[in-house]
Amino acid sequence: MKIPKRLEPLVRDGLVDEVIRPLRSGKEAAVYVVHADGAVRCAKVYKEANQRGFHKQVLYSEGRKVRNSRQARAMAKGSRYGRQQQEDVWQNTEVDALYRLAAAGVRVPKPHLYVEGVLLMELVTDDEGNAAPRLNDLDLTGEQALKYHAILIKDVVRMLCSGLVHGDLSEFNILVDQYGPVIIDLPQAVDAAANNNAARMLERDVGNLAAYFGQFAPELLSTSYAKEIWYIYESGALTPESRLTGHFKGANKEADIEGIMREINDAREDAIRRRQGREDA
């Protein structure tokens, strides 16, 4: 196939041997299957800054560290230079998150190289060597739904113990290989301690999981893992081994149910919009 322009420098410098085929494309990045360093991998090519929703990024970028005061001022003003710097921070956040979460035991694609807006990383595959499907492409049994949900809740806890909240976790950015779920797409990951929106984002992430898996295991719809996890986190007692019940004792049961249903409806609408956006990209 014709080599995409953003991948040409990597091919020229010998970092990528061959671009095999496009894998998927969205509003923020296009992903290609490539051959590099003797293995089949994927290359995530971030789209130009002017194609991104800058105002949406502001919500996620609160509390992120920048290199210097000039960069911070430019980003705050939203100047052209500031937008370029915002894009740089946005992309590097995903790279840093992948390394940090892999070290914490969260199943994410292994990063290999990041250069000039291209992230070269592990290609997650199924048991036949094909690109692993996204969670939303699978039809699950109730038993599988409970198993995957439990795995992902543990990963959410591991992420938070590492200081991060995914910020956009749903069935559309979770792959499933022969060993189970693999979390992808982390440029919007937020600093749990520095971002005032972190608790709300955690609740949305966990609500998305309950809404999706609840289609196959309805008992998950009445759980309140997010409030329980955040409560333990704020108390300073959260560890990857923390035992969770899925219920928050401080909440009124009726109010919880109403809140859960709102979360489910919001999550469904968000998921439909995201899916339509990817299909239109």
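**Strands, cores and confidence in a predicted model**

C42 is buried, at 6% relative accessibility. The cut-off for that label is under 20% relative accessible area. The model is a predicted one. C161 is partly exposed, with a relative accessible area of 34%. A search of the whole structure finds 0 disulfides.

The protein chain contains 8 helices and 9 strands. Of its 281 residues, 47% are buried. Contacts between residues at least 6 apart in sequence were also examined in the protein chain; 63% of them join residues at least 24 apart.

Confidence varies along the model. The protein chain has an average pLDDT of 84. A score of at least 70 is reached by 74% of the residues. Over residues 71–75, pLDDT stays under 50. The model has 14 contacts beyond four places in sequence for that stretch. Residues 251–256 also have pLDDT under 50 throughout. Here the model has 4 contacts beyond four places in sequence.

Strand 1 comprises residues 18–25. Strand 1 pairs with strand 2 in the antiparallel sense, over 6 bridges. The two strands form a hairpin, with 3 residues between them. In strand 2, A30 is the bridge partner of S25. Y32 also belongs to strand 2, which spans residues 29–36. Y32 has 15% relative accessibility, so it counts as buried. P22 is 10 residues from Y32 in sequence. In space, their C-alpha atoms are 4.2 Å apart. Residues up to four places away in sequence are not counted in the contacts of Y32. Among those that are counted, Y32 touches M1, P4 and L7. Y32 also touches V19, R21, P22 and L23. Further contacts of Y32 are R41, C42, A43 and V45. C42, a contact of Y32, is itself buried.

Strand 5 covers residues 118–122. Of its 5 residues, 4 are buried, so strand 5 is largely enclosed by the rest of the structure. Strand 3 (residues 39–46) runs antiparallel to strand 5, and 5 bridges join the two. Strand 4 (residues 111–115) is also antiparallel to strand 5, with 4 bridges between them. L120 of strand 5 is the bridge partner of A43. L120 is likewise the bridge partner of L113. Strand 4 and strand 5 form a hairpin with 2 residues between them. In the turn, E116 has a positive phi of about 50 degrees.

E94 lies in helix 4, which spans residues 80–103. E94 has a relative accessible area of 2% and is therefore buried. Neighbours within four places in sequence are left aside in its contacts. On that basis, E94 is in contact with K44, Y46 and L119. E94 is also in contact with D185, L186 and P187.

Nonpolar side chains tend to be buried together in soluble globular proteins. The largest nonpolar core here has 49 residues. Within this core, F213 and I229 touch the most other members. Helix 5 (residues 142–161) gives the most to the core, with 8 residues. Domain 1 (1–123) and domain 2 (134–280) both give residues to this core, so the core lies between them. Apart from this core lies another, of 12 residues. Among its members are L7, L10, A36 and V118.

The contacts of F213 are counted without residues up to four places away in sequence. F213 touches L135, L140, A145 and Y148. F213 also touches H149, L152 and L220.

Helix 7 spans residues 225–234. In this helix, Y225, A226 and E228 are buried. I229, W230 and I232 are buried as well. Helix 5 and helix 6 (198–213) are included in what covers the buried residues of helix 7. G236 follows helix 7 and has a positive phi, near 85 degrees.

How values were computed
Residues numbered from 1 in each chain as written. Predicted model: local features only at pLDDT ≥ 70, side-chain atom pairs only at ≥ 80, totals over all residues. Heavy atoms only, no water. Buried < 20%, exposed > 50% of the residue type's maximum accessible area, 1.4 Å probe, protein only. Contact = heavy atoms within 4.5 Å. Pairing = 2+ DSSP bridges. Core = buried A, V, L, I, M, F, W, Y, C linked by side-chain atoms within 4.5 Å. Domains from an automatic or database assignment. Disulfide = S-S within 2.5 Å. pLDDT = per-residue confidence, 0-100.
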